[in-house]
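Here is a quick tour for anyone meeting this protein for the first time. Have a look at the sequence and the model, then read on.

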Amino acid sequence: MSALPLQDDSSSSHPASSTSTSTSTPDPTALTASSHAAQGGLAPAHAARSTELARLKVDLKNGLRQYPDFPTPGILFEDIMPLFSSHTLFTGLVRALELQVADVFHTQLGVHSDVDVVVGLESRGFLFGPTLALRLGAGFVPVRKQGKLPGNVETETFKKEYGEDVFQMQIDAIKPGAKVVIVDDIIATGGSAAAAGNLVKKLGGNLLGYIFIMELDFLKGRDKLDAPVHTLLSGQEEGLKS
Ligand SMILES: O=P(O)(O)OC[C@H]1O[C@H](OP(=O)(O)OP(=O)(O)O)[C@H](O)[C@@H]1O
Ligand SMILES: Nc1ncnc2[nH]cnc12
């Protein structure tokens, strides 16, 4: 990412020019739209949803803030908290995720989605995972950091963009064969997400795929994951330059 105009508080917003992109791979919404168009036009409901999702993505991207050298030097930190402090943005985020899930997993929109469980990663996956689960008619199951969950647990140790960590899930949290979507705010190195995916599989879940708000493209975290990966917003194409 090119040098960012920094504000006094050392945070900055994403440049407006980068608000309309979504993933490092082609936007599945756009692909679906163009293939329908090739067949003579979009179904009206589908076209309306594509337009709604595209508008929401712009608003959400504009709502993010960036902090250089946080939490350690060399990291450009993507702050998602403004998406929650604004009722409009929070509503838009949940709607965008709901639209994205229906589009990429070819499920019905809303509570008839057929998704059984949304798995959210501690901590930031807890901010929107339960709300999304309610919208999808699914349950919510947390992946927690070590030592927080009682009873029998499965454990995975992993490396992430700034350090090492340990995740756990309760072994009876997911019924074998349950359709699972893993959600988190950001995929950076992919270490956290890969560990969560391994836990879901150890529990016998049917992992449909991952949904992230943002991807730090340059870290190629999605290469570590062996289930479909979808992100609402594109993120950093390169790391912070000193
Ligand atoms: O792709 P990775 O390199 O694994 O990094 C991504 C993870 O890092 C952040 O969580 P963090 O562990 O900082 O904890 P938090 O959610 O509690 O702030 C973020 O919320 C992701 O879970
Ligand atoms: N650059 C980053 N910004 C915000 N959260 C992160 N988690 C891992 N890397 C991150």
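## Two cis peptide bonds

Pro 71 sits in the loop that runs between strand 2 (65-68) and strand 3. The model you're looking at is predicted, and in it Phe 70 and Pro 71 are joined by a cis peptide bond, with omega at about 0°.

There's another cis bond further along, this one linking Glu 122 to Ser 123, with omega at about -5°. Ser 123 is also a loop residue: you'll find it between strand 4 (117-121) and helix 5 (125-136).

## The chain as a whole

Stepping back, the protein chain is built with six helices and ten strands. It has 242 residues, and 50% of them count as buried. The accessible surface adds up to about 11,100 Å², and carbon and sulfur atoms own 54% of that.

How much of the contact network comes from residues far apart in sequence? Taking the contacts in the protein chain with a separation of 6 or more, 63% are between residues 24 or more positions apart.

## The largest pocket

Now for the empty space. Rolling a probe the size of a water molecule over the atoms shows where such space is left. The largest pocket holds about 410 Å³ of it. Its lining is made up of 27 residues, and the ones closest to the centre are Arg 124, Lys 160, Tyr 162, Ile 186 and Ser 192.

Which parts of the fold build that lining? Strand 3 (76-79), strand 6 (153-160), strand 7 (163-170), strand 8 (179-187) and helix 6 (191-202) each chip in with at least two residues. Strand 8 gives the largest share, at four residues. Sorted by class, the lining has 13 nonpolar residues, nine charged ones and five polar ones.

## A stretch with a label

UniProt, in an unreviewed entry, lists residues 115-209 as "domain: Phosphoribosyltransferase". In this model, 43% of that span is strand and 25% is helix. How far apart are its two ends? The C-alpha atoms at the ends of residues 115-209 are 11 Å apart.

## Two residues with positive phi

Asp 114 isn't a glycine, yet its phi is positive, at about 80°. Its home is the loop between helix 4 (87-104) and strand 4. Is Asp 114 buried, partly exposed or exposed? Its relative accessible area is 48%, so Asp 114 counts as partly exposed, given that exposed means over 50%.

Lys 220 also has a positive phi without being a glycine, in its case about 50°. You'll spot Lys 220 in the loop between strand 9 (206-215) and strand 10 (229-234). With a relative accessible area of 52%, Lys 220 is over the 50% cut-off and therefore exposed.

## A look at Thr 131

Thr 131 belongs to helix 5. Its relative accessibility is 31%, which falls between the 20% and 50% cut-offs, so Thr 131 is partly exposed.

What does Thr 131 touch, once its neighbours within four places in sequence are set aside? The answer is Phe 90 and Val 94. As for Leu 149, that residue is 18 positions from Thr 131 in sequence, and their C-alpha atoms are 21 Å apart in space.

Notes: Residues are numbered from 1 along each chain as its sequence is written. Chains are lettered from A and ligands numbered from 1 in the order in which they are written. This is a predicted model: local features need pLDDT of at least 70, side-chain atom pairs count only at pLDDT 80 or more; totals for chains, interfaces and linings use all residues. Side-chain values use heavy atoms; hydrogens and water are left out. Buried means under 20% relative accessible area, exposed over 50%, partly exposed in between (1.4 Å probe, protein chains only). Contact means heavy atoms within 4.5 Å. Accessible areas come from the Shrake-Rupley method with a 1.4 Å probe; for residues, only the protein chains shown count as cover. On a 1 Å grid over the protein atoms alone, a cavity is a set of points where a 1.4 Å probe fits but cannot get out, and a pocket is an open set with protein on both sides within 12 Å along at least five of seven lines; lining residues have an atom within 4 Å of a point. Grid points are joined across faces, edges and corners, and a volume is the space filled by probe spheres set on the points. Ala, Val, Leu, Ile, Met, Phe, Trp, Tyr, Cys and Pro count as nonpolar, Asp, Glu, Lys and Arg as charged, and the others, Gly among them, as polar. UniProt positions are given in the numbering used here, feature names are shortened, and annotations may be inferred rather than shown by experiment.
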